[in-house]
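Please open the model in your viewer and display it as a cartoon. The selections below are best made in the order given.

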Amino acid sequence: MTTLRNRLTGPAALAALAGMVAAAVVLAVAELLGAFFTPRAAPLVALGSTFIDFTPPWLKDFAIATFGTNDKAALFAGMGLTIAVLACILGVVAYRKWALGVLGVLFMGAVIVACVVTRAGVGPVDAIPAVLGTLAGLVVLRRLLVRLWGLKEWPEAPADTASDGGTGQGANGASRRGFFAAAGITAVAAGIAATGGRVLGAARSRITQARDALQLPAAAVPAPAVPAGVQSPVPGVTPWITPNNDFYRIDTALSVPEIDVDSWELRVHGLVEQELTLTFQDLLDAQLIESHVTLTCVSNPVGGNLAGNAKWLGFPLREVLARARPKDGADMVLSTSIDGFSASTPLEVLQDDRDAMLAIGMNGEPLPLEHGYPVRMVVPGLYGFVSATKWVVDLEVTRFADSRAYWTDRGWSERGPIKTMARVEVPKSFAKVPAGKVAVGGTAWAQTRGITKVEIQIDNGDWVETTLSTEASTVTWRQWSYEWEAAPGPHYIKVRATDGTGEVQTDQRADPVPDGASGWQSVMVTVE
């Protein structure tokens, strides 16, 4: 026990602690100062965004499959652990050789600065918080190591010849208690600074208040009334309309962009006869349309929940393109977000009658910030990675042969038509249900084609047709239900759908990479 205690309070362990405290100061000072700069200049945000930019498709797929919509929280947790380990190492290095420690800290600071200044919409001045945070961390690391060594002057190497073996408690040194007190006070101050930065940043932001005060105009073409019977009668099946707070969010933005509607502009350019610039007021004054549309993420696994249905308000993209007049040979629109994300959408999809739009409203209110406020794209029938650009600020009419989008450069397909999919939502996999009549239900989708049939198979029995709920349109999902006479024992329930073209959902399993998952979902239940 004594040996363990000595190791935990020995010079190396305390130096590692000093490194962690210094790292906390770097991040806290940068967070506090960052309240006066763009949120994307925060070190953790910049580091995380850069990591996402270099994430291979298999790792992105693994993260979403494992953590779902909590993938960003998992990324921050992993980054925090990595930073803590590196800080401990730098603390020990600085304890043994100060010059090497300084070089290590400066190198890490340079990495952070590089990540900051390479973000879209971030200028060199936005690196100031990271630079000052790095310098503050160096000062703290020096002061803590001075206390650890117990010397009033800064040496080139630790005092290994102290009377107590270099532990910092000799005649020439301060006590461990003094070191822990200094480290504790500094850590608390760093926590207060970081919290203050977040509070100050929120207080200085007027975007949330502006969004809440925004009054959307009525649609010139309202959405058709939702027919009765769209909701499955089975309790527990997903609501036909997904509330905004429950709508899935998968994107590359670690810090949600905050955009002032008075300064927002959309540039339309490229292979067009007439370049355009649209303001938010232009959209408010336009002939807006409403449409219920189901969106689906390409990373959604078989039976997954990365899909949602909402009523969108916006301006038809075909009208925008009609004003710009694309030139012959153009076949793609490259849409770009204010944070640098881009998507490649087939030009003809944005010009047909499927009501692809520049959306400004979602379920009767302005877009939530995390779902693209003030303007995003909504394109029925395509996975979001090639169509649903949030915080959109640029549309370039171009060719697939000439331009590549964010995820295309990372191994995903250029075009992403949504595959036919059905899922069992009730009962859930591994559920225990009583023998007798058991309600089974779920949802299916094949946007722009519609769903005409959903069948289930119990164990290896025959495929039986379920009861379909009312179809609202071919661009929204459709729910289904079935009453199963369940016998005791373990059972497997499989589901498949048939779309409006008569094509049956394939049973061939495929991972989301590169163009979406496929296969039949199977859930196991125990009947008691």
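The tour of this predicted model begins with a sheet and then turns to individual backbone features.

Begin by selecting the five strands of the open sheet, whose order is β2-β1-β10-β5-β6 and whose pairing is mixed. At the edges are β2 (276–279) and β6 (342–346); each has a single partner strand, so one side of each lacks a neighbour in the sheet. From one strand to the next, the twist averages 20 degrees.

Next, restrict the view to β1 (residues 265–270) and β2, an antiparallel pair joined by four bridges. Within this pair, Arg267 faces Thr277 of β2 across the strands.

Now add helix α11 (residues 317–324), which packs on the sheet and touches β1, β2, β5 (332–337) and β10 (392–398). The direction of α11 makes about 140 degrees with that of β2.

Continue to the loop between α11 and β5, where Arg325 is located. This residue is not a glycine, yet Arg325 has a positive phi, near 60 degrees. Its relative accessibility is 44%, so Arg325 counts as partly exposed.

A second positive phi, about 75 degrees, belongs to Phe430, also not a glycine. Select the loop between β11 (421–426) and β12 (432–433) to find Phe430. Because its relative accessibility is 64%, Phe430 counts as exposed.

Finally, inspect two cis peptide bonds. The bond from Tyr373 to Pro374 has omega near 10 degrees, and Pro374 sits in the loop between β8 (365–366) and β9 (376–378). The bond joining Val513 and Pro514 is cis with omega about 5 degrees; Pro514 lies in the loop between β18 (489–499) and β19 (521–527).

How values were computed
Residues are numbered from 1 along each chain as its sequence is written. This is a predicted model: local features need pLDDT of at least 70, side-chain atom pairs count only at pLDDT 80 or more; totals for chains, interfaces and linings use all residues. Side-chain values use heavy atoms; hydrogens and water are left out. Two strands pair if DSSP finds at least two bridges between them. Helices (H or I, at least four residues) and strands (E, at least two) are DSSP runs, numbered from the N terminus. Axes are lines fitted to C-alpha atoms, for helices over the stretch in contact, and angles run from 0 to 180 degrees between N-to-C directions. Contact means heavy atoms within 4.5 Å. Buried means under 20% relative accessible area, exposed over 50%, partly exposed in between (1.4 Å probe, protein chains only).
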